[in-house]
Amino acid sequence: MIGFDMKLPPTEPMIELMIDRSRSRRQGPTVRVRVHPGATVRELQSSIANKIGIEANQQHLEFNDRVLTDQANERLSSFGISDRSLIWLDDRGSISQPFH
C-alpha cells in the first residue's frame, strides 16, 4: 500500500452574529446566527430565514446605519461585520424598499 499525506485545508471558524428583532413586526428576543466569516448578505438572510422563519425577501437588515443589500452578493466583511456584530432586522417590507 502506498501512503500519502493528504492535508485538508483548514476550516474557517464560524462567527456569531446577534440579530436584533426589536424593529420587527414579529418582535422577539435577539437571536444568534452563525455564519462563515466570508458569508454574503444573501447567505446571512438564508440563515435568518432558517432560524426564525422570516423569508429573505421580507428582511430589511442594517449594520452601523448601513442597509445590507444582496444586490451585488456582497460579503459581510465588506460592511465591517465580524464576530458578535449586532444586526438590526425589520421585516416590514422588502429589503429593496427604503426603510422608514
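This section describes the fold of a predicted model, beginning with its overall make-up and ending with the loops around its strands.

The protein contains one helix and five strands. Read from the N terminus, these elements follow the order β-β-α-β-β-β. Of the 100 residues in the protein, 36% are buried. The exposed surface amounts to about 6,500 Å², and carbon and sulfur atoms supply 50% of that area. When contacts between residues at least 6 apart in sequence are considered, 62% of them join residues that are at least 24 apart.

The five strands form an open sheet with mixed pairing, and their order across the sheet is β2-β1-β5-β3-β4. Strands β2 (residues 31–35) and β4 are at the edges; each has a single partner strand, so one side of each lacks a neighbour in the sheet. Helix α1, which spans residues 41–52, packs on the sheet and touches β1 (residues 15–20), β2, β3 and β5. The direction of helix α1 makes an angle of about 135 degrees with that of β2.

Strand β3 covers residues 60–63, and its pairing can be followed residue by residue. On one side, β3 pairs with β5 (residues 86–90) in the antiparallel sense, over three bridges. Within this pairing, His-60 has Asp-90 of β5 as its bridge partner, and Leu-61 stands opposite Leu-89. The antiparallel pairing of β3 with β4 (residues 66–67) rests on two bridges. Here Glu-62 of β3 is placed opposite Val-67 of β4.

In a regular strand, side chains alternate between the two faces of the sheet. In β3, His-60 and Glu-62 point one way, while Leu-61 and Phe-63 point the other way. All four of these residues are buried.

Nonpolar side chains in soluble globular proteins tend to be buried together. In this model, the largest nonpolar core has 19 residues, and those touching the most other members are Leu-17, Ile-19, Leu-44 and Leu-68. At least two residues of this core come from each of β1, β2, α1, β3 and β5. Leaving aside residues up to four places away in sequence, Leu-44 touches Leu-17, Ile-19, Val-33, Val-35, Leu-61, Leu-68 and Leu-76. One of these contacts, Leu-61, is the β3 residue that stands opposite Leu-89 in β5.

The remaining features concern backbone angles in the loops. Most residues other than glycine have a negative phi. Strands β3 and β4 form a hairpin with two residues between them, and Asn-64 in the turn has a positive phi of about 50 degrees. Asp-65 also lies in the loop between β3 and β4. Although Asp-65 is not a glycine, its phi is positive, at about 65 degrees. Asp-65 is exposed, because its relative accessible area is 74% and the cut-off for an exposed residue is over 50%. A further positive phi, of about 70 degrees, is found at Arg-84, which is not a glycine either. Arg-84 is located in the loop between β4 and β5.

Definitions and conventions: Residues numbered from 1 in each chain as written. Predicted model: local features only at pLDDT ≥ 70, side-chain atom pairs only at ≥ 80, totals over all residues. Heavy atoms only, no water. Buried < 20%, exposed > 50% of the residue type's maximum accessible area, 1.4 Å probe, protein only. Helix = DSSP H or I, 4+ residues; strand = E, 2+ residues; numbered from the N terminus. Pairing = 2+ DSSP bridges. Contact = heavy atoms within 4.5 Å. Areas by Shrake-Rupley, 256 points an atom, 1.4 Å probe, with all protein chains shown as cover. Axes fitted to C-alpha atoms, helices over the stretch in contact; angles between N-to-C directions. Core = buried A, V, L, I, M, F, W, Y, C linked by side-chain atoms within 4.5 Å.
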